[in-house]
Amino acid sequence: MGAEMSFEEKSAWIMGVVAVGSYGVYLTIVLGLAGTMPLVDVPYVAPLLWTVGASIALSIALHILMGIVSPKEGGKKDQRDREIYRFGEYIGQSFLVIGGVAVLLMAMVETDHFWIANVIYLAFFLSAILGSVAKIVAYRRGFQPW
(Lines give C-alpha, C1' and ligand atoms only; values in the text may rest on other atoms or scores of the structure.)
Protein backbone atom coordinates (compact mmCIF):
# COMPACT_ATOMS: atom_id res chain seq x y z
CA MET A 1 0.00 0.00 0.00
CA GLY A 2 3.07 2.25 0.04
CA ALA A 3 2.62 2.97 -3.67
CA GLU A 4 1.65 6.43 -4.77
CA MET A 5 -1.83 7.09 -6.13
CA SER A 6 -2.28 6.83 -9.87
CA PHE A 7 -3.58 9.74 -11.92
CA GLU A 8 -6.89 7.92 -12.37
CA GLU A 9 -7.35 7.32 -8.64
CA LYS A 10 -6.63 10.99 -7.95
CA SER A 11 -9.22 11.84 -10.58
CA ALA A 12 -11.80 9.67 -8.81
CA TRP A 13 -11.06 11.47 -5.53
CA ILE A 14 -11.45 14.84 -7.23
CA MET A 15 -14.79 13.88 -8.77
CA GLY A 16 -16.14 12.50 -5.50
CA VAL A 17 -15.05 15.41 -3.32
CA VAL A 18 -16.24 18.04 -5.80
CA ALA A 19 -19.62 16.28 -6.13
CA VAL A 20 -20.11 16.16 -2.35
CA GLY A 21 -19.07 19.80 -1.98
CA SER A 22 -21.24 21.20 -4.74
CA TYR A 23 -24.33 19.19 -3.79
CA GLY A 24 -23.80 20.15 -0.15
CA VAL A 25 -23.70 23.84 -1.10
CA TYR A 26 -26.85 23.42 -3.18
CA LEU A 27 -28.73 21.72 -0.35
CA THR A 28 -27.56 24.36 2.13
CA ILE A 29 -28.86 27.15 -0.10
CA VAL A 30 -32.18 25.52 -0.96
CA LEU A 31 -32.95 24.25 2.53
CA GLY A 32 -31.89 27.61 3.98
CA LEU A 33 -34.41 29.37 1.75
CA ALA A 34 -37.03 26.79 2.67
CA GLY A 35 -37.11 28.23 6.17
CA THR A 36 -38.86 31.31 4.79
CA MET A 37 -41.25 29.71 2.27
CA PRO A 38 -42.69 26.34 1.22
CA LEU A 39 -40.03 24.04 -0.23
CA VAL A 40 -41.60 23.82 -3.70
CA ASP A 41 -41.63 27.63 -3.92
CA VAL A 42 -37.91 27.97 -3.26
CA PRO A 43 -36.09 29.53 -6.24
CA TYR A 44 -33.93 26.49 -6.97
CA VAL A 45 -32.96 27.07 -10.62
CA ALA A 46 -30.16 29.61 -10.09
CA PRO A 47 -28.52 27.69 -7.19
CA LEU A 48 -28.76 24.46 -9.20
CA LEU A 49 -27.17 26.01 -12.29
CA TRP A 50 -24.47 27.80 -10.30
CA THR A 51 -23.48 24.73 -8.27
CA VAL A 52 -23.42 22.48 -11.34
CA GLY A 53 -21.39 25.06 -13.28
CA ALA A 54 -19.01 25.60 -10.36
CA SER A 55 -18.62 21.85 -9.94
CA ILE A 56 -17.67 21.42 -13.59
CA ALA A 57 -15.26 24.38 -13.52
CA LEU A 58 -13.63 23.27 -10.26
CA SER A 59 -13.24 19.71 -11.51
CA ILE A 60 -11.58 20.92 -14.72
CA ALA A 61 -9.30 23.29 -12.79
CA LEU A 62 -8.25 20.57 -10.32
CA HIS A 63 -7.55 18.12 -13.15
CA ILE A 64 -5.43 20.75 -14.92
CA LEU A 65 -3.59 21.46 -11.67
CA MET A 66 -3.06 17.73 -11.14
CA GLY A 67 -1.64 17.48 -14.67
CA ILE A 68 0.74 20.38 -14.00
CA VAL A 69 1.90 19.01 -10.64
CA SER A 70 2.51 15.50 -11.97
CA PRO A 71 2.86 15.74 -15.77
CA LYS A 72 4.50 12.31 -16.10
CA GLU A 73 1.37 10.56 -14.80
CA GLY A 74 -1.11 12.36 -17.05
CA GLY A 75 -2.42 10.23 -19.89
CA LYS A 76 -0.80 7.06 -18.59
CA LYS A 77 -3.43 4.36 -18.41
CA ASP A 78 -2.76 0.68 -18.30
CA GLN A 79 -5.29 -2.10 -18.79
CA ARG A 80 -6.13 -2.14 -15.08
CA ASP A 81 -6.86 1.62 -15.10
CA ARG A 82 -9.16 1.23 -18.08
CA GLU A 83 -11.03 -1.68 -16.48
CA ILE A 84 -11.43 0.13 -13.16
CA TYR A 85 -12.65 3.25 -14.96
CA ARG A 86 -15.19 1.24 -16.95
CA PHE A 87 -16.31 -0.63 -13.81
CA GLY A 88 -16.80 2.62 -11.86
CA GLU A 89 -18.71 4.22 -14.72
CA TYR A 90 -21.03 1.22 -15.07
CA ILE A 91 -21.73 1.27 -11.33
CA GLY A 92 -22.34 5.02 -11.32
CA GLN A 93 -24.53 4.97 -14.41
CA SER A 94 -27.02 2.75 -12.61
CA PHE A 95 -28.21 5.74 -10.59
CA LEU A 96 -28.72 7.78 -13.75
CA VAL A 97 -30.97 5.04 -15.10
CA ILE A 98 -32.89 4.81 -11.82
CA GLY A 99 -33.19 8.60 -11.70
CA GLY A 100 -34.31 8.75 -15.32
CA VAL A 101 -37.06 6.22 -14.74
CA ALA A 102 -38.15 8.02 -11.55
CA VAL A 103 -38.29 11.37 -13.36
CA LEU A 104 -40.21 9.85 -16.25
CA LEU A 105 -42.82 8.51 -13.83
CA MET A 106 -42.91 11.84 -11.98
CA ALA A 107 -43.51 13.69 -15.26
CA MET A 108 -46.32 11.28 -16.16
CA VAL A 109 -48.15 12.08 -12.93
CA GLU A 110 -47.37 15.79 -13.41
CA THR A 111 -45.21 16.25 -10.35
CA ASP A 112 -44.02 19.79 -9.63
CA HIS A 113 -40.90 20.86 -11.57
CA PHE A 114 -39.04 21.43 -8.30
CA TRP A 115 -39.18 17.74 -7.46
CA ILE A 116 -38.34 16.58 -10.98
CA ALA A 117 -35.28 18.85 -11.17
CA ASN A 118 -34.11 17.79 -7.72
CA VAL A 119 -34.47 14.08 -8.45
CA ILE A 120 -32.37 14.55 -11.61
CA TYR A 121 -29.71 16.46 -9.65
CA LEU A 122 -29.75 13.80 -6.91
CA ALA A 123 -29.34 11.06 -9.53
CA PHE A 124 -26.30 12.82 -11.02
CA PHE A 125 -24.86 13.34 -7.54
CA LEU A 126 -25.35 9.70 -6.53
CA SER A 127 -23.92 8.56 -9.86
CA ALA A 128 -20.77 10.62 -9.31
CA ILE A 129 -20.36 9.46 -5.72
CA LEU A 130 -21.05 5.78 -6.36
CA GLY A 131 -18.79 5.75 -9.43
CA SER A 132 -15.97 7.48 -7.55
CA VAL A 133 -16.30 5.21 -4.52
CA ALA A 134 -16.31 2.10 -6.72
CA LYS A 135 -13.11 3.25 -8.47
CA ILE A 136 -11.36 4.18 -5.22
CA VAL A 137 -12.29 0.87 -3.59
CA ALA A 138 -11.08 -1.00 -6.68
CA TYR A 139 -7.74 0.82 -6.50
CA ARG A 140 -7.36 0.38 -2.74
CA ARG A 141 -8.67 -3.15 -2.25
CA GLY A 142 -7.92 -4.70 -5.60
CA PHE A 143 -9.97 -5.30 -8.67
CA GLN A 144 -11.10 -8.60 -10.10
CA PRO A 145 -12.82 -8.27 -13.49
CA TRP A 146 -15.37 -10.99 -14.08
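1. In this predicted model, Ile129 makes contacts with Gly16, Ala19 and Val20, leaving out residues up to four places away in sequence. Ile129 and Ala19 also both belong to the largest nonpolar core.

2. That core has 12 residues. Besides Ala19 and Ile129, its members are Tyr23, Tyr26, Val30, Val42, Tyr44, Leu48, Phe114, Ala117, Tyr121 and Phe125. Two helices, α1 (7–33) and α4 (113–141), each supply at least two residues of the core. The largest contribution is that of α4, with five residues. As background, nonpolar side chains in soluble globular proteins tend to be buried together.

3. The largest pocket encloses about 690 Å³ of space. Its lining counts 32 residues, and those closest to the pocket centre are Met15, Ala19, Phe124, Ser127 and Ala128. Ala19 therefore appears in two lists, being a member of the largest nonpolar core and one of the lining residues closest to the pocket centre.

4. Which helices each supply at least two residues of the pocket lining? They are α1, α2 (45–69), α3 (79–108) and α4. Here too α4 gives the most, with 11 residues. By residue class, the lining divides into 18 nonpolar, 10 polar and four charged residues. For anyone setting up a calculation on this pocket, the four charged residues of the lining are part of that count.

5. The structure holds two salt bridges. One joins Glu9 and Arg140, with the closest N and O atoms 2.6 Å apart. Glu9 lies in helix α1 and Arg140 in helix α4, so this pair ties together parts that are 131 residues apart in sequence. Is Glu9 buried or exposed? Glu9 counts as buried because its relative accessibility is 5%, under the 20% limit. Arg140, in contrast, is partly exposed, with a relative accessible area of 36%.

6. The other salt bridge is between Lys135 and Glu89, whose closest N and O atoms are 2.7 Å apart. Lys135 is in helix α4 and Glu89 in helix α3, so the pair links distant parts of the chain, 46 residues apart. Lys135 counts as buried at 10% relative accessibility, and Glu89 as partly exposed at 27%.

7. Ser22, in helix α1, is buried, with a relative accessible area of 13%. What does Ser22 contact, leaving aside its neighbours within four places in sequence? The residues are Thr51, Ser55 and Tyr121. Tyr121 is also a member of the largest nonpolar core.

8. Glu110 deserves a separate check. Its phi is near 55°, a positive value in a residue other than glycine. Most residues other than glycine have a negative phi. Glu110 is found in the loop between α3 and α4. With a relative accessible area of 70%, Glu110 is exposed.

9. Leu122 has its place in helix α4. Leu122 is partly exposed, at a relative accessible area of 34%. Its C-alpha lies 9.2 Å from that of Leu96, and the two residues are 26 places apart in sequence.

Terms used: Residues are numbered from 1 along each chain as its sequence is written. This is a predicted model: local features need pLDDT of at least 70, side-chain atom pairs count only at pLDDT 80 or more; totals for chains, interfaces and linings use all residues. Side-chain values use heavy atoms; hydrogens and water are left out. A nonpolar core is a set of buried Ala, Val, Leu, Ile, Met, Phe, Trp, Tyr and Cys residues joined through side-chain atoms within 4.5 Å. Buried means under 20% relative accessible area, exposed over 50%, partly exposed in between (1.4 Å probe, protein chains only). Helices (H or I, at least four residues) and strands (E, at least two) are DSSP runs, numbered from the N terminus. Contact means heavy atoms within 4.5 Å. On a 1 Å grid over the protein atoms alone, a cavity is a set of points where a 1.4 Å probe fits but cannot get out, and a pocket is an open set with protein on both sides within 12 Å along at least five of seven lines; lining residues have an atom within 4 Å of a point. Grid points are joined across faces, edges and corners, and a volume is the space filled by probe spheres set on the points. Ala, Val, Leu, Ile, Met, Phe, Trp, Tyr, Cys and Pro count as nonpolar, Asp, Glu, Lys and Arg as charged, and the others, Gly among them, as polar. A salt bridge is a side-chain nitrogen of Lys or Arg within 4 Å of a carboxyl oxygen of Asp or Glu.
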